[in-house]
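Here are a few notes to read alongside the model. Take them one at a time, and keep the 3D view open as you go.

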Amino acid sequence: MEKLGKKKIVGIFVALALVAVVIGAFVLNNGGDAQFVPYAQFAGWVDDGLVSQVGLGDAPVISFQLHNSENLYETSNPRNPMLTQELLMAGVDVVEASNFAGIAGFLPLVIFGGVFFFAFRAISKNNGRGAMAMNVSAVNTGETAVNFAAVAGNVEAKDMVADVVDFIKNPDKYARYGARMPRGMIFYGPPGTGKTLMAKAVAGEAGVPFYAVSGSDFVQMYVGVGASRVRELFKKAREAGRAVIFIDEIDAVGKTRTAGVNGGNDERDQTLNALLTEMSGFGSGEGIVVIAATNRLDTLDEALLRPGRFDRQVEIALPDLAGRQDILNTYAHGKPMEKDVNLHSLAKQTVFFSGAMLENLLNEAAINAAKAGKETIGQAEVDKAFYTVIAGSEKADRSGIMEQDKRITAYHEGGHALATKLLSPENSVAKVTIIPSTKGAGGFCLNLPPDKLYYTKAELERQAITLLAGRAAEEVVFGTENVTTGASNDIQRVNALVKDYVTKYGMSQRLGLAITSGEKAEDVCAEEVGRLYGKACELVKRHKDKLSKIADALMEKESLNEDELDLLIA
């Protein structure tokens, strides 16, 4: 394959070089306009034997060339019937004007077309089946294969795919019971949770080739290309005997089909039909399993999810506390971590972090240590990386920030911290700061909830009040006319939360369990937001003295940790 790639590159460069030569010659030969000379001068050149060729026609001018010259000349056409005979008698070649101009203009085009044809033919030949062929090869084989040991966390997901691995390795064991191997599995979950890694681990544990493609590889503007690529992919898997086919982002090709203006007969539908046909076509004893990954399971076509296609749906969820601890230990292996780095504490702080985010966090810590010239990665580098991932890097130059803006930010973030401590003491406030970040935040209050499966109605209301406490603090302290734009993100999050509260969870008193949308639901949501904001203002007014202590401490230190915050509130 490598030699073939080199031949393709050489062929392309040779073809481009030939094309450049032809175009250059064409430009040089035809780049200037024909030079006009008086007819008397033309006649004198004919008598002197200097003219080599003349193009005669009905045009107002006639074209001619001289011996040993590539320049083209023109002169007035005398329309003399005897001119042709006179020129021939003088030894001048006479051609029709249309042929004379056509040869000069058409010949370079013929050469250019020929070079382009042979270059395209050579490139297509080197590409096997042309430029539209899918060049996919097996990976994750041999000593470099990934197995379940490399997949930290996701214990439940590993249990759900373990029998498929055993099925691929020992099909006779299950054939004795008349069991059919699942033809396909859907891995779904948030981005960065390790769906691709889990698919590689299935192939690695089974010891079979791993063919990985993306759903976008099948989506082309040319009708039929996607379907042919699907058939080619399955053909390669069959040639390998047993294999795992992995299709990432399958929603690019597997979304629910609709009867549009084309009757559903567009390129994407043809590709999906080909995929469904191929999955139904191979037998359970072939040892081929198709794994697909998506972040949006709800958008997939029902035909993909029925038994006999993607038989099993496996959630690759965000890791819990034990999973985050396992993932951090895995990614910390091989890094020079200091003994004082508390990965268990970091796992508790990283609620809602995916595996990819945890890997990025430790990588940022390693970069921080390298930039500082340290030999090891300490807790300071890990903390800095953590806050960089959460809110961005701290702004280095803060000289342009007005004192009044800092004070408003201190009360705003202090309002969030106060509400968290008073309403949700089970949450952890890892840090509250008024230092602006490169992501545009004027400051932030890092509120970390514990791992939970469900949230009660009271807990959702407390979340909303905590989000609104920043704007409430601005209004209570500085007045209604002096509230700022700093609460824009809080307001967006509150409205999204209240919308779910009313229309998804059925927790409003007015609508109850009637999940509806429209003007009435919007009115109810607006009422709920107003009611919760009123509670936030009442909370801030009732504990204004504690809020002032937090704001003053933030103005002095710029950042507070949880212990310092507890002392101020106590």
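1. Helices (H or I, at least four residues) and strands (E, at least two) are DSSP runs, numbered from the N terminus. With that in hand, look for Tyr455 in the loop that runs between strand S12 (444–448) and helix H17 (457–478). The model is a predicted one, where local features need pLDDT of at least 70, side-chain atom pairs count only at pLDDT 80 or more, and totals for chains, interfaces and linings use all residues. Residues are numbered from 1 along each chain as its sequence is written, and side-chain values use heavy atoms, with hydrogens and water left out.

2. Is Tyr455 buried or exposed? The scale is this: buried is under 20% relative accessible area, exposed is over 50%, and partly exposed is in between (1.4 Å probe, protein chains only). Tyr455 is partly exposed because its relative accessible area is 30%.

3. Tyr455 also joins Leu318 and Phe352 in a nonpolar patch on the surface, and together they have about 270 Å² of accessible area. A patch is made of residues with over 30% relative accessible area and no salt bridge; like charges are joined within 9 Å, nonpolar side chains (Val, Leu, Ile, Met, Phe, Trp, Tyr) within 5 Å. A salt bridge is a side-chain nitrogen of Lys or Arg within 4 Å of a carboxyl oxygen of Asp or Glu. The areas come from the Shrake-Rupley method with a 1.4 Å probe, and for residues only the protein chains shown count as cover.

4. Phe352, from that patch, sits in the loop between helix H13 (343–349) and helix H14 (355–371). Its phi is near 70°, a positive value in a residue other than glycine. Most residues other than glycine have a negative phi.

5. Glu249 has a positive phi too, near 50°. You will find Glu249 in the loop between strand S8 (243–248) and helix H9 (251–254). Glu249 counts as partly exposed because its relative accessibility is 32%.

6. Now turn to Glu156, in helix H5 (residues 155–169). With 58% relative accessibility, Glu156 counts as exposed. Which glutamate has its C-alpha atom 8.8 Å from that of Glu156? The partner is Glu315, and the two are 159 residues apart along the chain.
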